[in-house]
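Me: Please take a close look at one part of this model, the second chain, and describe how it is built and what it touches. Some background on its partner would help.

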Amino acid sequence: MMDMKILLVGGAGREHAIAAAFSRSGHEPRLYCLSDLVNPGIKEFVKRSGGEYYLGNINDPEGVVKAAKKSRADFVFVGPEEPNFHGVPDRLEDGGIPCIGANRAVSELEMSKASMRDLQWKYKIPGRLWYKKFKTFEEAVPYIEEYADSVALKPARQAGGKGVKVIEDFQVYLQEDKRKVKREHAESIVREYMKGYDDIDYKLLIEERVWGPEYTVQCFTDGRTVIPMPAVQDNKHAFEGDLGLETGGMGSISCGMNLRWGVDDGRAILTDEEYRKSVEIVKMMIDSIQKETGEKYHGVVAGQMMLTSVWGPTVIEMYSRLGDPEAGNVLSVLKTDIVDICEAIIGERLNTIKAEFEDRAVVVKAVCPEGYPNRRDMASGHPVKIRGNGDGILWASADVREGRIVSGGSRVVECLGVGESIPEASGRAERLTEKVSLEDGWKLFHRRDIGSEKSMERRIALANMAREIYQYRERRGLLGKRMIWIPGKGLVEVG
Amino acid sequence: MAGILGIYLFDNRWNAYNFGVFGLMALQHRGQETAGLELLGDQRQKVEGKGLVEQVLTSTNTKGHVCVGAVSPYPAEDAEIQPISLDGKVSAAIDGKILKVDGYRWNGAVAYEENLRRAFAEQVKDGGDLDGLKGFFSRCRGGFSYVAVNEKREMIAGRGSLGVKPLVLGKMGFDGGIVASESCVMDIIGERVPISPAENIEPGEVRVFTPLSAHSEQVATSKRRAFCSFEYVYLARPDSYINDVPVYRVRRSIGKKLVEEGAVDADVVIGVPETAMPFAMAFSNETGIPVEKGFELTGRRVRSAMKPNQLERLKGVQLKLNVISEAVKGKRVILIDDSVVRGNTLANIVYLMKEKGAKEIHVRIGSPHIVSHCPFGVEVPPEDELIGKHLLEKKIAEVVGADSFKYLSIDGFIDAVGMSRKDLCLGCFTGKYPEV
């Protein structure tokens, strides 16, 4: 196709990675972008390709359609999840504009964590956690009071990754304190985190707490064929050594398809079989949501998984888009032309594409102004400087105001290192972080430990531990089964 | 010595008090005479007193999401109960001893705590902001670990550059971090992480917690290490890791080494509770000589060696160690203890066993002879009280009334710990301490 035009919706680190992938395409597309902030990195690609950068509300379907028409885009690539939840892909397709992005109906997989679990149980998809959903806080209270155990409290709707609290409640001598916090947090989920989201009935989800290494399996799909990408491990804790607050992700690692230590190193976080099973689970999730809604899934779907002792590969959450920062890991090693993949999705002939990924280790490290994640007011508005040419640095939460780049309150840049092994790639990413600073002297932080040898050893040890238990259960035919003997009542089986 | 603890929870809906109480309980073996816990939240509250944690920390209305606490063995008569206040705004819990502070002239005429306070007042201006606090502890020399907190609810925790005293970091999910003398604290109040309960804090490393961040800094670069040997012999709990080495593994290895160095034909192996039990079990496993329970306890379990005076110690031993006659009657006994300080309590045990009919008693000690008073605060008495400094093994056997008596050799001990000699402080066995 001559003079191809693409509109990219969204302006974070993930979209910068997508823009970079488009810029490598042999189709040499003209890139347009619609975002609510000016991402300096995407802006550069847009400028170089001869496209245009629009500022606007990415969650407003009319606005996106308008931008698509104005740019005369051949297709639109939707980066983040919220436009999906707002029906942006639906409106684009209604208007005859092809779109890579899960439509409103199928993005329910991500938007409603409660529906996702319902579906998983209804279709008996492996890796399903025990859960309970509530419409009001009051409904949940007797349950929290009575049932003391280790749980994850989650907003029932995807709320930008915020509001999740995992409370391990095992030590009975600390139960009262933990129950109090569970109760208070459940209340703030319903009253604060879910405030303003009136597109969903259920407000609060309580799930059993599990442990094990986490990983994300991202896939392209046209609804029939699924192209799985390398498994990526994100790091959610804000501070080094997996300490502290939950973030959108402080950095991610990948190597090969199954999180190997290095290109020529047999050690890995996942076995080939576990990776294969995880992809199978994501496929089953896609099939079930299509069956349930009668709609086609065109775009990206990802399983945010954990290797647990209960199930082996287990679904924690589903994404209806690429992960951030996980997008950087997979797109930077994607050998196949991303435009070819997009066109195949649109034409529903993804089966004709053989997607290839370079066998390299990739480590992405997010750099954040102090204050992130809980005091974004303090983290935003600081002028940002990058020494050198900026190669390997993805702009994330940043904006251009009066000709200056300022921090937006979240992860300001993502530094991407590539190497023969994860520790080597981590070292490269580490050196890139040194090039980033805030001109007003406000502190930046990032996690040096992501992808380090020590961290890899711990992740692999944790995986081995979970594996030993779930394989034992598998051998005994107990995979996913949970049995509780309730004195006076008898044996209760879940799973 | 002491057991120190710091808990930092970011979300102020948490009350750290009970975590502090049970955390200090897990450190109780490091100090049974005083307990103190300071809570920082909307206000600052301190609960403290003489006695065990469960006797002292009984408050029901103490609140705060940050806390620092300590348990200590016998303090000086009027000494402040840890955590101590450095200037009214900064509180600190210290394990081990700070021997000097760079740039400050130590005054031998005033108390230890007073010296620290004066040094702090001289060197830290504006009431202890984060940099002032870090700077102060980086100028402290000696064998110590510390947790300190200021009025802005900023907490730092670290180890002196020699790494004499231990300190580990544990986590509580997305909610915060815990620092403590020993990793067993994490099993009791922390998140149960299946791979390892806690992360070792390196010598010269400082862990910083503020309402906005948590990170690690390396403030000292000295390569000289002097990990306290006595942690492995006696001080630490067997379910802890000290410097990433499982204490139980060392104690088992010590038992095996005792066989290598001091095997003797006998009918039964008996360990002196509680510390020497793993030594005895390993000795038995190695030789095939059955291990037996030799004693029964009356009253509460106490660490008799850490009692402040001879009467208290003997009281402790006699109540703790009533000999089960059926276990020893007519038998040749290998009696294993962790260490010998003055030898009085050992003499008492041997006497009691002979009285209950033991035919022979061969004493084996799971550490080398103690010849020196520890400058870093391990409760070793003055040198003129130390039996090992003055008498040879053969003589000690006669004094305590045993048929034979043997220490573990220093080389054997080093082998059992599995570290290189230069990384250990062996001062209590050799009289040679690292320069501070």
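Reply: Chain A, the partner, has a secondary structure of 15 helices and 29 strands, where helices (H or I, at least four residues) and strands (E, at least two) are DSSP runs numbered from the N terminus. The radius of gyration of chain A is 22 Å, close to the 23 Å that the globule rule gives for 495 residues, so chain A is as compact as a globular protein of that length. The radius is taken over C-alpha atoms, and the rule is 2.2 Å times the number of residues to the power 0.38.

The model is predicted: local features need pLDDT of at least 70 and side-chain atom pairs count only at pLDDT 80 or more, while totals for chains, interfaces and linings use all residues. Residues are numbered from 1 along each chain as its sequence is written, and chains are lettered from A and ligands numbered from 1 in the order in which they are written.

Some further background on chain A comes before chain B. The C-alpha atoms of chain A fill a box of roughly 75 × 50 × 50 Å along the principal axes. Of its 495 residues, 54% are buried. A residue is buried if 20 or more other C-beta atoms lie within 10 Å of its own, exposed if 12 or fewer, and partly exposed in between, with C-beta atoms placed from the backbone. Among contacts in chain A between residues at least 6 apart in sequence, 67% join residues at least 24 apart; a contact requires the C-beta atoms of two residues, placed from the backbone, to lie within 7 Å. The domain assignment of chain A gives domain 1 (5-104), domain 2 (130-208) and domain 3 (214-453), with bounds that come from an automatic or database domain assignment. The C-alpha centres of domain 1 and domain 2 of chain A are 35 Å apart. A:I486 belongs to strand 28 (residues 482-486) of chain A. With 8 C-beta neighbours inside 10 Å, A:I486 counts as exposed. A:I486 is separated from A:C33 by 453 residues in sequence and by 58 Å in space, C-alpha to C-alpha.

Now to chain B. Chain B has 15 helices and 23 strands. A compact globule of 436 residues would have a radius of gyration near 22 Å, and chain B, at 22 Å, agrees. Its C-alpha trace spans about 70 × 45 × 40 Å along the principal axes. Buried residues account for 54% of the 436 residues in chain B. Of the contacts in chain B between residues at least 6 apart in sequence, 69% join residues at least 24 apart.

Chain B is assigned domain 1 (3-224) and domain 2 (250-417). The centres of these two domains of chain B, taken over C-alpha atoms, are separated by 33 Å. Their contact takes ten residues from domain 1 of chain B and eight residues from domain 2 of chain B. On the domain 1 side, strand 6 (91-101) and strand 7 (140-149) of chain B each supply at least two residues. Strand 6 of chain B has the largest share of that side, three residues. By class, the domain 1 side has four nonpolar, five polar and one charged residues. Here Ala, Val, Leu, Ile, Met, Phe, Trp, Tyr, Cys and Pro count as nonpolar, Asp, Glu, Lys and Arg as charged, and the others, Gly among them, as polar.

Two helix pairs of chain B can be described in turn. The axes of helix 7 (residues 247-262) and helix 14 (residues 410-417) of chain B come within 8 Å and cross at roughly 145°. Axes are lines fitted to C-alpha atoms, for helices over the stretch in contact, and angles run from 0 to 180 degrees between N-to-C directions. In helix 7 of chain B, B:V250, B:S253, B:I254, B:K257 and B:E261 meet B:G412, B:D415, B:A416 and B:V417 of helix 14 of chain B. The residues of this contact divide into four nonpolar, two polar and three charged.

The axes of helix 9 (residues 310-320) and helix 11 (residues 344-355) of chain B come within 10 Å and cross at roughly 30°. From helix 9 of chain B, B:Q310, B:R313, B:L314, B:V317 and B:Q318 meet B:N344, B:T345, B:N348 and B:I349 in helix 11 of chain B. This contact holds three nonpolar, five polar and one charged residues.

Last is the interface between the chains. The contact takes 24 residues from chain B and 29 residues from chain A. On the chain B side, helix 1 (17-25), strand 9 (168-172), strand 10 (176-180) and strand 13 (213-218) of chain B are the elements that give two or more residues. Strand 13 of chain B gives the most, four residues. The chain B side has eleven nonpolar, eight polar and five charged residues.
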